[in-house]
Amino acid sequence: YDNFYFTQSVFDDLIDKVNYATSFLTTDTMYILCDDDKLRPEFTKRVVNVMERTGVDIVYTDKEMFGFDPRVVLAAEWTAENFYLSTVPFITALISMKMWNKIGGYESFPFCDWDLWWRCFDAGAAAFHLREPLFLYRTHEQQGSRSPEQAPFVEQNRATVRDRHAERMKK
């Protein structure tokens, strides 16, 4: 995976910092929120309530995109077939610290969020899809993943993640 969307050293540094920061958490749960994304005010209360009520390891929601390409995107269901197609859930979802620690957090790998959720799936995590767009994802006209120049790298990185988890798909 030589052609990361970000340079490898910047990406590794970010992953290291996130994993380091989470090592100090004393909570039972957490979520990651990127710097230009947002949450609906009721997000935390709703996902924590679902996790407490159901006892699942992960609670995820649909997302509302805002900015350049405003629309609601429904998250896929927690199945092997859907994992093969794309990330389930989106980057911001509530995860128990027990599951986060079990899988070792993020790894320096393309689409680290997709890889993280897939590793949770492989580890037997139970998840609940809260069918509401409580996660708000900013889109930009110049967003790298939209760039025609980056398209081959995006597809290469998708293939890399799929290849990493291909053994499970054969079962």
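How many Å² does the accessible surface of the protein chain come to, and what share belongs to carbon and sulfur atoms? I looked this up first and noted about 9400 Å², with 54% belonging to carbon and sulfur atoms; such areas come from the Shrake-Rupley method with a 1.4 Å probe, and for residues only the protein chains shown count as cover.

I kept in mind that this is a predicted model, in which local features need pLDDT of at least 70 and side-chain atom pairs count only at pLDDT 80 or more, while totals for chains, interfaces and linings use all residues. Residues are numbered from 1 along each chain as its sequence is written, and side-chain values use heavy atoms, with hydrogens and water left out.

**Overall layout**

I then read the elements along the protein chain and found seven helices and six strands, in the order α-β-β-α-β-β-α-β-α-α-β-α-α. Helices (H or I, at least four residues) and strands (E, at least two) are DSSP runs, numbered from the N terminus. Of the 171 residues, 42% count as buried, where buried means under 20% relative accessible area, exposed over 50% and partly exposed in between, with a 1.4 Å probe and protein chains only. I also looked at contacts (heavy atoms within 4.5 Å): among those between residues at least 6 apart in sequence, 77% join residues at least 24 apart.

**Helix α5 and the rings**

Helix α5, residues 112-122, is mostly covered, with 10 of its 11 residues buried; among them are W114, L116, W117 and W118, as well as D113, D115 and R119. Just after α5, I noted that G124 takes a positive phi of about 90°.

I searched the whole structure for aromatic pairs and obtained 11. The rings of W100 and Y106 have centres 5.2 Å apart and planes at 85°, so I entered the pair as edge-to-face. For these entries, rings of Phe, Tyr and Trp (its six-membered ring) pair if their centres lie within 6.5 Å, and planes under 30 degrees apart count as stacked, over 60 as edge-to-face and the rest as tilted. Both W100 and Y106 are buried. Ring pairs also link Y60, W78, F83, F111, W114, W118 and F121 into a cluster.

**The cavity**

Which residues line the largest cavity? I listed M30, Y31, I32, I91, A93, I95, W100, Y106, L116 and W117. The structure holds one cavity of 30 Å³ or more, and about 40 Å³ of space lies in the largest cavity. On a 1 Å grid over the protein atoms alone, a cavity is a set of points where a 1.4 Å probe fits but cannot get out, and lining residues have an atom within 4 Å of a point. Grid points are joined across faces, edges and corners, and a volume is the space filled by probe spheres set on the points.

**Two loop residues**

Is G105, in the loop between α4 (97-103) and α5, buried or exposed? I found G105 buried, with a relative accessible area of 0%. Not counting residues up to four places away in sequence, G105 touches N19, W100, L116 and R119.

A76 lies in the loop between β4 (71-73) and α3 (80-85), and at 28% relative accessibility A76 counts as partly exposed. With the same sequence neighbours left out, A76 touches Y60, N82, V88 and H129. A76 and H129 are 53 residues apart in sequence and 8.2 Å apart in space, C-alpha to C-alpha.

How values were computed: 1 Å grid on protein atoms, 1.4 Å probe; cavity = no way out; pocket = protein on both sides within 12 Å on 5 of 7 lines; lining within 4 Å.
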